[in-house]
Amino acid sequence: MTDEIVNDTNNIDRAVGGTVFERFFTGRSEANYVAPKTLFMTADYVNLTVFETDDGLVMVDCGTLETAPKVYEEIRKHTDLPLHTVIYTHGHLDHAFGLQPWLDAGEKPRIIAHENVVQRFKSYMRTGPLNSHINKVQFGIEAGLKWPETSGEFFWPDVTYRNQLSLRVGGERFELFHAKGETDDATWVWAAERSIVCTGDLWEEILPNCGNPQKVQRYPEGWADALEAIASVDAKLLLPGHGQPIEGNEQIRACCHNVAEALRAIVRQALDGLNSGKNHEEIMQSIQIPEQLKQFFYIDPLYDRPEFIARNVIRQYGGWWDGFSSHLLPAPMREQSAVITELAGGTEAMIEKAYQLADSNLPLACHLAEWAALAEPDNDKAQQCVIDIFNKRAEGEISLMGRGIFSHAVRQAEKALAAK
Ligand SMILES: [Zn+2]
């Protein structure tokens, strides 16, 4: 066991921009001590922390199925202590599925998670194909992602809790706090004697992934509450679920407060819109990250967008009807597209106008391209128009969620052309 400490965590001056993967690929693919008896590493794109205690290892998250052997090897380079406790910060695939090599080696850890992790795993067992599809669109993984669907593919928690849980391992205190943020099953961990906080995905070094257009309800206010609670403990080192660690109590507090404020501002704007009787479209037009917060790289909307977060607020407090009466029980898009295209003077005219608008009003051009292809799916030029216009849209889109869906439109059109 070595206590060599890599203390290059004070990286708070990173540039605004880049991509989410530049943030998530931290360059920490090898396990290193970031504090005494505290190992930290990034398994491809997700982080995990291992605390060495007198009774064995306390592991916060265990990575993915795929990266598990590498994680095991890395941790075992530094310590042969038994794996005593595993804490899931939530039940997502990148955080709670990397235990197999440990079990194969004969370890018998106690697994602790929020009680909703159990519900999440059960829901995964019912929605495998849906989740595969969502991730196919989101990340452009055409082959699909193998989703765990049978009970034996999950590492089920042995101990669950509801609000807060105090643990003692090796004489050391670990406080677990529940939060609702990206998920409804989140836990953040306060290692009080070390002044270290493990946030899971409550800190991601980007604007919180709190509005994913394809996924279940997320909780911007719960997320802000959790960040403020994290800021209130006297942490000297923040070890996140994604992105780089943050060192220093003042930095940690400032970062958490700023992200919380960004979320609260979005919630305020969405609720003000709902309360003043605006329709969803009008609300979307008023959603802004406050000007003074845009300077912070960790509020960049590289994964999710403020508009998508606002949609989640609307879903949480209101209904799905967007305020346009014709959208309540709408005519099929294909029929709408056919009539609009006919009135426009035909598919050729629609395609021409889409290309004309591509530079000046790309969102509008996307509607025209989609209408043309829906009106006349067998028209090669219409499908090519979708490819060109949505490629341009995807290239210019800052959020991974947005880019994923625009690129999906391109792939669908490419498939339609190839099928002929
Ligand atoms: Zn994650």
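The points below describe the cores, one sheet and several side-chain contacts of a structure that is a predicted model.

1. The sheet. Six strands, written as 6 strands in the order β8-β9-β10-β11-β12-β13, make up an open sheet whose pairing is mixed. Its edges are β8 (164-169) and β13 (246-247), each of which pairs on one side only.

2. The hairpins around β10. On one side, β9 and β10 run antiparallel and are joined by 5 bridges, forming a hairpin with 6 residues between the two strands. On the other side, β10 pairs with β11 (residues 196-200) in the antiparallel sense over 3 bridges, and this second hairpin has 4 residues between its strands, with S195 in the turn showing a positive phi of about 60°. As for the register, W190 stands opposite E175 and also opposite V197 in β11, while A191 stands opposite I196 in β11.

3. The two faces of β10. In a regular strand, side chains alternate between the two faces of the sheet. In β10, A186, W188 and W190 point one way whereas T187, V189 and A191 point the other way, and all are buried; put as a count, 6 of the 6 residues of β10 are buried.

4. A helix over the sheet. Helix α6 lies across β9, β10, β11 and β12 (237-240), and it runs at about 5° to β10. The residues of α6 are 220-232, and L227 is in contact with L202, W203, C256, V259, A260 and L263 when its neighbours within four places in sequence are left aside.

5. The largest nonpolar core. This core holds 43 residues, of which W188, W190, W203, L227, L238, L263 and I299 touch the most other members. At least two residues each come from β9 (172-179), β10 (186-191), α6 (220-232), α7 (249-275), α8 (280-285) and α9 (306-317), and α7 gives the most, with 10 residues. In soluble globular proteins, nonpolar side chains tend to be buried together.

6. A second core, and helix α4. Separate from the largest core is a second one of 30 residues, which includes V71, V86, I111 and V117. V117 is also among the buried residues of helix α4 (residues 116-126), which are N116, V117, V118, R120, F121 and Y124. The cover over these buried residues of α4 includes β6 (110-114), α5 (128-139) and β7 (159-161).

7. Aromatic pairs. The count comes to 16 aromatic pairs. In one of them, F51 and F174 form a tilted pair, 5.4 Å centre to centre with 45° between the planes; because F51 lies in strand β3 (residues 46-53) and F174 in strand β9, this pair ties together parts that are 123 residues apart in sequence. Both F51 and F174 are buried. F297 and Y298 form an edge-to-face pair, 5.3 Å centre to centre with 85° between the planes, and here again F297 is buried, as is Y298.

8. A ring cluster and a charge over a ring. Ring pairs link Y88, F97, F121, F154 and W156 into a cluster, and F121 is one of the buried residues of α4 named above. Elsewhere, the charged end of K180 sits over the ring of Y219, at 5.0 Å from its centre.

Conventions. Residues are numbered from 1 along each chain as its sequence is written. This is a predicted model: local features need pLDDT of at least 70, side-chain atom pairs count only at pLDDT 80 or more; totals for chains, interfaces and linings use all residues. Side-chain values use heavy atoms; hydrogens and water are left out. A nonpolar core is a set of buried Ala, Val, Leu, Ile, Met, Phe, Trp, Tyr and Cys residues joined through side-chain atoms within 4.5 Å. Buried means under 20% relative accessible area, exposed over 50%, partly exposed in between (1.4 Å probe, protein chains only). Contact means heavy atoms within 4.5 Å. Rings of Phe, Tyr and Trp (its six-membered ring) pair if their centres lie within 6.5 Å; planes under 30 degrees apart count as stacked, over 60 as edge-to-face and the rest as tilted. A charge sits over a ring if NZ of Lys or CZ of Arg is within 6 Å of the ring centre and within 35 degrees of the ring normal. Two strands pair if DSSP finds at least two bridges between them. Axes are lines fitted to C-alpha atoms, for helices over the stretch in contact, and angles run from 0 to 180 degrees between N-to-C directions.
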